[in-house]
Amino acid sequence: MIDVHNVHKSFGPLEVLRGIDLRVREGEVTVVLGPSGSGKSTLLRTINHLEKVDRGWISVDGELVGYRRVGDKLHELKEKEVLRQRTRIGFVFQNFNLFPHLTVLDNLVEAPVSARRVSRGTAVETARRLLDRVGLADKADAYPRQLSGGQQQRVAIARALALEPKVLLFDEPTSALDPELVGEVLDVIKGLAGTGTTMVVVTHEIGFAREVADTVVFMDDGLVVEQGPPAAVLDAPRQERTRAFLSKVL
């Protein structure tokens, strides 16, 4: 479902991704761990072309992201085509990114109506179903400022699902939350995992990775250092750098 091939990305002289290869099969949950500055969030942002790659390529469901291939060269797509692709690649941000001037319901309805040309009636019906799914059916008419951080993040997840994406990307979805609110968001993500949703989750929640991930990826210094099943990477890591990281967070 997701194929990342030899991806490089620099910001000025700083090389953030140094040749990333990663594959995520349909229905799998891949959890990406690593220290701050290892390139985890940048990798996630390249998968839906929020950041352009300098070298390499990424495909989702067999379609190149952000580019089309002509012969042996890649040509960047127009913004309209990139936006179409993003409707298939849901992204849940660390800081929610809800529209503060819209109600919870309208936050979910906006993108399907404007980007997918779904009728408002259908979009509202879908939005109410998704709000019920994340336990917020009673908050449809509230504004983001009236919600807790955990509730805002659950709305953000429902908003991503409203576009019926092929994959869901989560960029440290609980790191901006107070500790007592983390569980309610992780429970929603666990529920999605149980339905066979293809997901890539950047997180520091080791317990979540152990319980939910099909594959755990450990990144450091712009490289994939180690990847495999949770039991292998978390309980019997082969690389010294992985062992050193886990010794500090477990």
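Two strands count as paired when DSSP finds at least two bridges between them, and with that criterion in hand the reader can follow how the strands of this predicted model are joined. Strand S1 (residues 2-11) and S2 run antiparallel and are joined by eight bridges, and within this pairing Ser-10 has Glu-15 of S2 as its bridge partner. H1 packs on the sheet, where it touches S1, S2 and strand S4 (55-60), and the direction of H1 makes about 60° with that of S2.

The sheet to which these strands belong is an open one of four strands, with the order S2-S1-S4-S5 and antiparallel pairing. Its edges are formed by strand S2 (14-24) and strand S5 (63-64), each of which pairs on one side only. In the loop between S4 and S5 one finds Asp-61, a residue other than glycine whose phi is nevertheless positive, near 55°. Most residues other than glycine have a negative phi. With a relative accessibility of 36%, Asp-61 counts as partly exposed, because that class covers values between 20% and 50%.

Helix H1 itself spans residues 40-47 and is mostly covered, with six of its eight residues buried. The buried residues are Lys-40, Thr-42, Leu-43, Leu-44, Thr-46 and Ile-47. After H1 comes His-49, whose phi is also positive, near 65°.

The other sheet to consider is an open one of six strands in the order S8-S9-S10-S3-S11-S12, and here the pairing is mixed. S8 and strand S12 (223-228) are the edge strands, each pairing on one side only, and the twist from one strand to the next averages 20°. Next to S8 in this order stands S9, and the two pair in the parallel sense over four bridges, with Phe-91 having Leu-169 as its bridge partner in S9. S9 is also paired with strand S10 (residues 198-202), again in the parallel sense, over five bridges, and there Leu-169 stands opposite Val-200. Between S9 and S10 the chain crosses through helix H6 (residues 179-194), a β-α-β crossover that is right-handed.

How enclosed is S9, and which of its residues are buried? Five of the five residues of this strand (residues 167-171) are buried, so S9 is largely enclosed by the rest of the structure. The covering extends to both faces, since Val-167, Leu-169 and Asp-171 are buried on one side, while Leu-168 and Phe-170 are buried on the other.

At the other end of the strand order, strand S11 (residues 215-220) pairs with S12 in the antiparallel sense over five bridges, and Asp-220 has Leu-223 as its bridge partner in S12. Helix H5 (residues 149-161) packs on this sheet, touching S8 and S9, and its direction makes about 170° with that of S8. The loop between S11 and S12 contains Asp-221, which has a positive phi of about 55° although it is not a glycine. Asp-221 is partly exposed, with a relative accessible area of 46%.

Two further residues can be placed against this framework. Thr-103 lies in the loop between strand S8 (89-92) and helix H3 (104-115), and it counts as buried because its relative accessibility is 13%, where the cut-off for that class is under 20%. A polar atom of the Thr-103 side chain lies 3.1 Å from the backbone nitrogen of Asp-106. Leaving aside neighbours within four places in sequence, Thr-103 is in contact with Ala-140, Asp-141, Ala-142 and Tyr-143. Arg-210, by contrast, has its place in helix H7 (residues 206-212) and is partly exposed, with a relative accessible area of 37%. Not counting residues up to four places away in sequence, Arg-210 touches Pro-230, Leu-234, Asp-235 and Leu-250. From Arg-210 to Gly-12 the separation is 198 residues in sequence and 36 Å in space, taken C-alpha to C-alpha.

For the chain as a whole, a record offers one frame of reference: UniProt, in an unreviewed entry, lists residues 2-246 under "domain: ABC transporter". Over residues 2-246 the chain is 37% helix and 28% strand, and the end C-alpha atoms are 26 Å apart.

Methods: Residues are numbered from 1 along each chain as its sequence is written. This is a predicted model: local features need pLDDT of at least 70, side-chain atom pairs count only at pLDDT 80 or more; totals for chains, interfaces and linings use all residues. Side-chain values use heavy atoms; hydrogens and water are left out. Buried means under 20% relative accessible area, exposed over 50%, partly exposed in between (1.4 Å probe, protein chains only). A polar contact is a pair of N or O atoms within 3.5 Å; within protein, one must be able to donate a hydrogen and the other to accept it, and residues adjacent in sequence count only if both atoms are side-chain atoms. Contact means heavy atoms within 4.5 Å. UniProt positions are given in the numbering used here, feature names are shortened, and annotations may be inferred rather than shown by experiment. A crossover is right-handed if, with the strands pointing away from the viewer, the path from the first strand over the helix to the second runs clockwise. Axes are lines fitted to C-alpha atoms, for helices over the stretch in contact, and angles run from 0 to 180 degrees between N-to-C directions.
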